[in-house]
Structure formats: C-alpha cells, structure tokens
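This report concerns strand pairing, one backbone angle and the salt bridges of a single chain. The sequence and structure are shown first.

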Amino acid sequence: MRFQVILASLFLVAFPPQSTATPVDQALQARTSDCVSNCASLVRIGKSHVVVAKDAAGEILRVISVDLPLDAKLVQSDQEVRQDGVQSMSSGATGGGTVETRTETYVTATEIIVVTYYFYFDANGNLVDVQTDTRRFPRGDTEQER
C-alpha cells in the first residue's frame, strides 16, 4: 500500500494534472454552495440523491449515494433540533479526534426513512471521513388514512 502511494505521488509530481476539478466536481461544488468546509450536503442529481462531503479546504472529500425516493419529504423535529434542522451528537474518538452524528428523517406515502450521517474529525477539527446509514420503516398511519 505504501509503495502505491509513493508511486502515485511520483506520478503526480512528474505529470501534474491540468485541472484538479472535473466537470462533475464543479457541478457538485455549485450544488453544495451552502456547505463550505468541514461539512456534508444531501443533493438531488437527476433521479438520485448523493451526500457530498467537503474537507477543511472546501474540496470534495467524498460523494456517497443515498437510496432516497424522489417524493421523500424532510420532517422537521421539534425536539433537540439545531438551527439547521438536524439533530447532532458528538463523542470522543481515539487519537484525539471526534465523531459527530446527524440524523435526518424523511417520509413518503408508505415509509419513514432515517438517514444518519457519521462525521469523523481529526484532532485538529478537520473532517477526514463521512459515512451514512439509511434505515427504512413502514408507516403505520397509512392504514388509518384510508
């Protein structure tokens, strides 16, 4: 693994890229302008949703596909909600870093969908990784509406 990193670094020094941002990266940067650095945004692209995570420099760190129907609506919670409308918790991690979680709940006509984000920060507060977990639950109130 270390050899591959060294080889890749030597290749980049010998042949620097003309532009580091691809057209896809540029489009994702434009779509996530509300997320500047050390953050993640959920965006719809065509018929799919992706989470775009940005590092401390504002560069795209990771893009994660999220299985969310097009008709899903974000539910605003009245309890334990920050200004941006999502719940947040944090805990210490090994090496002085932290892990923060954020949960967003969506509803469709037949499902409740909970998307949990896991933000991994290093000891300096820089976002180093983001992961998501999507859970689906059937709506119990759909039978009552009929």
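The model discussed here is predicted.

**Strand pairing**

Within strand β7, Val-115 is the bridge partner of Glu-104. This contact belongs to the pairing of β6 with strand β7 (residues 111–121), which is antiparallel and runs over ten bridges. The connection from β6 to β7 is a hairpin of three residues.

Strand β6 (residues 98–107) also pairs with strand β4 (residues 73–75), again in the antiparallel sense, over three bridges. In this pairing Val-75 faces Thr-105 of β6. As a general point, side chains in a regular strand alternate between the two faces of the sheet.

**An unusual backbone angle**

Most residues other than glycine have a negative phi. Asn-38, although not a glycine, has a positive phi near 50°. Asn-38 is located in the loop that runs between α2 (23–31) and β1 (39–45). Its relative accessibility is 24%, so Asn-38 counts as partly exposed, given that buried means under 20% and exposed over 50%.

**Salt bridges**

Side chains of opposite charge can pair when their charged atoms come close. The structure contains five salt bridges, among them those tabulated here.

| Salt bridge | Closest N to O distance |
|---|---|
| Arg-62 with Asp-129 | 3.1 Å |
| Glu-111 with Arg-136 | 3.0 Å |
| Asp-133 with Arg-135 | 2.8 Å |

What does the salt bridge between Arg-62 and Asp-129 tie together in the chain? Arg-62 belongs to strand β3 (residues 60–66) and Asp-129 to strand β8 (residues 127–138), so the pair ties together parts that are 67 residues apart in sequence. Both partners are partly exposed: Arg-62 has a relative accessible area of 33%, and Asp-129 has a relative accessibility of 22%.

The salt bridge between Glu-111 and Arg-136 likewise links distant parts of the chain, with Glu-111 in strand β7 and Arg-136 in strand β8, 25 residues apart. Arg-136 is partly exposed, at 32% relative accessibility.

In the salt bridge between Asp-133 and Arg-135, Asp-133 is partly exposed at 23% relative accessibility. Arg-135 is also partly exposed, with a relative accessible area of 48%. Elsewhere, Asp-67, Glu-111 and Arg-136 are joined into one network by salt bridges that share partners.

Key. Residues numbered from 1 in each chain as written. Predicted model: local features only at pLDDT ≥ 70, side-chain atom pairs only at ≥ 80, totals over all residues. Heavy atoms only, no water. Pairing = 2+ DSSP bridges. Helix = DSSP H or I, 4+ residues; strand = E, 2+ residues; numbered from the N terminus. Buried < 20%, exposed > 50% of the residue type's maximum accessible area, 1.4 Å probe, protein only. Salt bridge = Lys/Arg side-chain N within 4 Å of Asp/Glu carboxyl O.
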